Amino acid sequence: MRSIAGIAFASFALANSCAFAADEPFPTKPVTLTVNYGAGGGSDAIARALGRALEKPLKQPVTIENVAGGAGTRGVTAVVTAVADGYQIGVATNSPMTIAVHSVKGLSWGDPGTYDILGGIGIVYNALCIQADSPLQKLDDVVNYARQNPGKLKVASIAGGINHYTWDAFAKKANINIRFVPYSGDADGVASFLGKNTELVALTWPGLKAQVEVGKARPLAVFGPERMATNPNVPTFKELGYDVVTTSDYVVYAPKGIPEARRSVLIEAIKQAVSDPDFRLVLVAQNIQVKFTDGEEMTRQFTEVFRGTAPSAQAGK
Amino acid sequence: MVDATATDVDVPAAAKGSRLTSLILTAAGLGYLYQSMQLPMGDPLGTGVGAIPALIAVCWVAFGIYVTIRNRPVAAELGPWPRGTAALRVGYSLLLCIAFVVTLPFLGIFLTTAAFLLLMARLADATWKNACVVAVTTPIAFWVVFALGLKVSLPYGSLFTTMFGG
Amino acid sequence: MDLLAQMLGGFAVALQPVNIGAALLGALVGTATGVLPGLGVLGAMAILMPITVHFSAVTGLIMLAGIYYGAMYGGSTTAILLRIPGEGGSIVTTIDGYEFARKGRAGAALMICAVGSFIAGTISIIGLSLFTTVLADVALRFSSPEFCLLALLGGLTLVRITGNDPARNMLMLLIGMALATIGVDAVGGDTRFTFDTNTLALGFDLVPITLGLYGLSELFHVVASNNGFPRADRVRLRDMIPTRVEWSRAWPAIVRGSGIGFLIGLLPGPGSLTATFASYGVEKAIARKYRDEFGRGAVEGFAGPEAANNAVATSALVPVLALGIPFTPNVALMLGALIVQGIQPGPLLLSQHPDVVWGLLASMYIGNIALLALNLPLVGIWVRLLRVPQYALIGFIFAISFIGVYTMRSSYWDLCVLVGFGAVGAILRQIGFDLAPLVLGIVIGPIFEKSLRETLFLSGGDLSIFVTRPISGTLSALCVVAVLGPAIIAMVRRNAIRAKHA
């Protein structure tokens with residue numbers, strides 16, 4: 001304990017000595033990175049990889065804190081309500097911030113303007129696949145068949161999240177009735193699809209890629225803004241005439257009101273972390289596209305989905 | 001000393017408190033049933049968030065009523081209820097547990113654990129010297145294992161953070 | 001012979017010094033996390049996963065697998081010595097294992113568990129090596145309707161195996177299922193029964209409940225009786241080695257437990273808890289000579305479940321290795337370790353990276369031997385743990401339970417749950433309500449609800465799906481038998497007695 005006090009004192013002295021300089025040293029103690037899911041999931045793996053990558057530019061240890069629960073909103077609350085001194089940041093996907101935020105009650109935060117997104121670090125596309133042996137070849141075949149046989153086709157997916165929101169938007173645009181069968185995770189959804197319980201599956205691309213490669217699932221289209229670099233032959237919904245573009249994004253965020261100097265130190269560190277080869281390895285292996293997107297752009301995208309889901313989340317009640 | 005508890009096990013427990021407990025559990029089931037009826041049952045029927053809880057609640061209340069009315073005396077695995085000093089000791093240790101949870105956010109992991117261990121050790125008839133040794137060494141061991149070894153973030157408490165964290 | 005060549009190739013990988021070291025290290029860490037209450041195996045794996053990046057894929061995977069099955073070993077230790085389950089899979093062991101230890105045979109109980117786990121591990125690894133691809137296809141034929149019926153069948157049969165009052169057990173099971181519904185719904189993500197509070201939205205996590213109901217309530221009992229845990233004042237070698245009679249009773253239970261665990265591990269859901277209960281049920285049902293010993297320290301009552309627990313850990317790898325689908329978070333994490341190395345797990349894993357798969361399988365043989373070698377000497381040390389002064393031990397176990405539970409998701413609410421269920425558990429036990437069905441309800445409740453709702457979505461609300469599919473039809477029939485069977489048997493017996501008297 002003495003050593004902690006010692007370090008604290010030394011850093012305090014150091015901070016004082018440079019207090020007159022415009023760039024006060026930051027950070028001078030460990031930074032806490034909160035992940036809004038429990039230890040052992042995909043988000044946790046990304047948070048731990050990010051923490052390691054952030055340690056290099058920040059030159060301070062980064063402690064990982066798992067604050068799970070409340071459909072991912074509890075971790076966000078922990079970050080957003082913390083002291084805005086830059087020592088508490090978080091990593092999350094857009095699902096708790098743009099979708100669960102509507103159904104979980106009593107949150108102290110709301111639309112993306114109530115917290116500070118420092119930047120996006122990775123993008124996941126959502127995709128639609130069909131049984132490999134299905135006679136329906138293209139997306140248009142599926143749409144036509146579904147129009148002639150309403151309620152006959154079934155699609156395995158996940159309820160309440162970005163997948164559900166995306167599917168509803170597509171079904172509305174295409175004016176089709178396909179039975180939406182919700183599962184509680186990628187693994188369950190894929191397993192049910194492989195067991196031939198449903199004809200279609202609409203999940204994130206990382207969850208489907210392996211099955212596509214062995215020829216058990218055939219990709220029809222992705223909901224991304226452009227075709228995937230790894231699978232350029234899979235079209236986007238947008239180019240097929242259904243203007244539905246959604247992605248799942250991993251962002252780093254903080255409570256609102258961090259001093260500007262510290263904020264730019266953090267953003268610079270995140271940029272460096274995103275180009276860190278060890279970090280890229282973890283995300284690429286999960287089929288996540290690693291890319292730094294600046295905070296303003298992410299805030300804009302989040303606000304759009306936040307607004308889009310608000311009425312539909314209410315209508316579902 | 002070694003086999004003192006062995007004989008207690010076979011003591012047939014009186015059904016004391018059994019009917020009251022069953023009644024309380026049944027009442028709780030009714031409350032749960034009422035709450036679940038407020039939730040949507042879903043379309044198709046059964047797919048809503050309230051459907052399965054309602055099903056569970058109906059069975060809960062049914063079994064609760066059956067168990068309450070029948071009230072069959074069952075041999076408990078433990079002996080009779082603790083009385084006198086034994087009851088006091090249990091109450092005291094439960095109170096210590098509650099105090100641990102309540103003071104943890106403020107005093108933090110080290111002070112709370114130390115105080116808890118000191119009082120628990122005294123309850124278990126340790127000398128003051130031994131109790132102090134346990135109360136001082138264990139929190140340090142926890143810190144080494146959890147904070148240093150496993151790099152887990154521990155609750156240091158608001159007192160500690162205001163003093164050292166800044 | 002192709003298989004033999006691949007297996008030998010696997011051993012060549014696994015026997016490299018670095019891999020043996022990784023297996024030993026993993027086994028050691030796993031044993032430690034299993035022994036510490038509250039500190040979950042999942043957390044330990046997540047914390048150590050970053051380290052694996054610095055190793056090759058095989059080495060990292062071997063280490064994580066070592067932690068995984070090492071924890072299965074470790075979990076039984078506190079269950080037997082202190083009646084505190086280290087993890088869900090060792091709840092059943094607290095029944096007969098603890099009673100066995102109270103007879104002064106703690107060392108022998110731990111020895112039987114260590115050897116039983118080794119045998120179970122070996123049997124299921126052989127099963128895994130031979131049948132992975134076939135089993136994966138079978139597992140896929142189980143979907144939502146089948147899971148729902150399995151959960152129902154499990155609940156209906158398991159309420160009969162512990163305690164001595166099925167009606168009360170059923171009540172406890174239903175309350176457990178209801179508790180599990182509080183918080184965020186797994187299907188749609190809506191919150192319910194929270195009265196608009198953030199705290200209740202967190203729900204009731206299994207770990208604080210289990211630790212409270214079993215661990216804390218036992219500690220309260222110890223404090224009240226002032227007798228303490230079973231003492232082991234003199235640890236003689238003779239007390240640590242099981243007798244011949246104990247062995248001859250243990251090994252058939254171990255073999256049966258291995259089979260049960262292996263089959264249950266193939267399916268999604270928290271297999272270890274279900275498998276241990278199933279094994280206990282089977283042992284109790286087929287017991288003849290020693291039937292009255294169950295609940296009072298029957299060897300079969302912990303040898304079988306411990307074996308089942310370990311077999312589950314192994315066979316849960318089948319869906320991952322063959323299909324790339326992780327059904328449990330532990331296995332998902334191991335999959336993550338592969339992904340970090342740039343290896344895509346999936347149906348092609350076996351053909352694209354045979355060295356990884358066979359290296360892992362071979363390392364599990366070696367890891368099991370390592371665990372046995374590690375744990376047999378540890379038995380003496382664990383038993384001596386009981387010689388730590390009572391005043392230090394009680395406070396220490398309380399405190400480490402608090403810290404373990406808190407660190408899991410940094411939640412004061414979980415601590416309240418822990419203490420609250422400690423008190424509730426103590427009261428219920430005093431009155432003669434069995435706690436095991438309550439925990440079981442919390443585990444199977446979500447499976448039952450999720451799969452029932454998925455099924456209704458799938459069929460559009462048509463219940464005939466439960467009988468028209470071949471597997472679900474069979475399971476439905478079994479459920480009917482589980483309900484009516486005992487009643488019919490009782491009636492036949494009554495008639496027989498009446499006939500005799502007439």
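**Exercise 1. Find where Pro27(A) sits, and work out which peptide bond next to Pro27(A) is cis.**

Solution. Start with the location: Pro27(A) is in the loop that runs between helix H1 (2-17) and strand S1 (31-35) of chain A. Helices (H or I, at least four residues) and strands (E, at least two) are DSSP runs here, numbered from the N terminus. Next, the bond: going from Phe26(A) to Pro27(A), the peptide is cis, with omega near -5°.

A word on the ground rules before going on. Residues are numbered from 1 along each chain as its sequence is written, and chains are lettered from A and ligands numbered from 1 in the order in which they are written. This is a predicted model, so local features need pLDDT of at least 70 and side-chain atom pairs count only at pLDDT 80 or more, while totals for chains, interfaces and linings use all residues; side-chain values use heavy atoms, with hydrogens and water left out.

**Exercise 2. Look at the backbone around Pro44(B) and Lys59(A): what is the omega, and what is the phi?**

Solution. Pro44(B) belongs to the loop between H1 and H2 of chain B. Asp43(B) and Pro44(B) are joined by a cis peptide bond, omega being about 0°. Now hop to chain A, where Lys59(A) occupies the loop between helix H2 (42-58) and strand S2 (62-66). Lys59(A) isn't a glycine, yet its phi is positive, about 55°.

**Exercise 3. Describe how the two domains of chain A meet.**

Solution. First, the bounds, which come from an automatic or database domain assignment: domain 1 is 2-18 + 25-123 + 249-315, and domain 2 is 124-222. Over C-alpha atoms, the centres of these two domains of chain A are 32 Å apart. Twelve residues of domain 1 and eight residues of domain 2 are in contact (heavy atoms within 4.5 Å).

Then the area. The size of an interface is often given as the accessible area lost when the parts come together. Buried area is that loss, with a 1.4 Å probe, summed over both parts. For the two domains of chain A that comes to about 870 Å², with 63% on carbon and sulfur atoms. Ile99(A), Ile123(A) and Asn287(A) supply 49% of the area on the domain 1 side, more than any other three residues.

Now the pairs. There are zero salt bridges between the domains of chain A (a side-chain nitrogen of Lys or Arg within 4 Å of a carboxyl oxygen of Asp or Glu). The count of residue pairs in polar contact, both at pLDDT 80 or more, is zero too. A polar contact is a pair of N or O atoms within 3.5 Å; within protein, one must be able to donate a hydrogen and the other to accept it, and residues adjacent in sequence count only if both atoms are side-chain atoms.

Last, the elements: helix H4 (94-103), strand S4 (116-131) and helix H11 (295-315) of chain A each give at least two residues to the domain 1 side. H11(A) has the largest share, three residues.

**Exercise 4. Which residues link the two domains of chain C by a salt bridge?**

Solution. The assignment gives domain 1 (2-464) and domain 2 (469-502) in chain C. Between them about 1000 Å² is buried, and carbon and sulfur atoms give 76% of that. On the domain 1 side, Glu146(C), Leu149(C) and Leu153(C) lose the most area, together 45% of what that side buries. The count across this interface is one salt bridge. Glu146(C) pairs with Arg469(C) in a salt bridge, the closest N and O atoms lying 2.9 Å apart.

**Exercise 5. Break down the interface of chain B and chain C: how many residues, how much area, which pairs?**

Solution. Count residues: 76 of chain B are in contact with 61 of chain C. Add the area: about 6200 Å² is buried, 75% of it from carbon and sulfur atoms. Check the pairs: the rule finds one salt bridge, in which the side chains of Arg70(B) and Asp165(C) meet at 2.7 Å, N to O. Eight residue pairs are in polar contact across the interface of chain B and chain C, both residues at pLDDT 80 or more. Among the helices, H3(B) gives the most to the chain B side, 18 residues.

**Exercise 6. Where in chain C is confidence lowest, and where is it highest?**

Solution. pLDDT is the predictor's confidence in each residue, from 0 to 100. Chain C has a mean of 82, and 94% of its residues reach 70 or more. Helix H10 (residues 237-240) of chain C is lowest, at a mean of 69, and helix H7 (residues 166-180) is highest, at 93.
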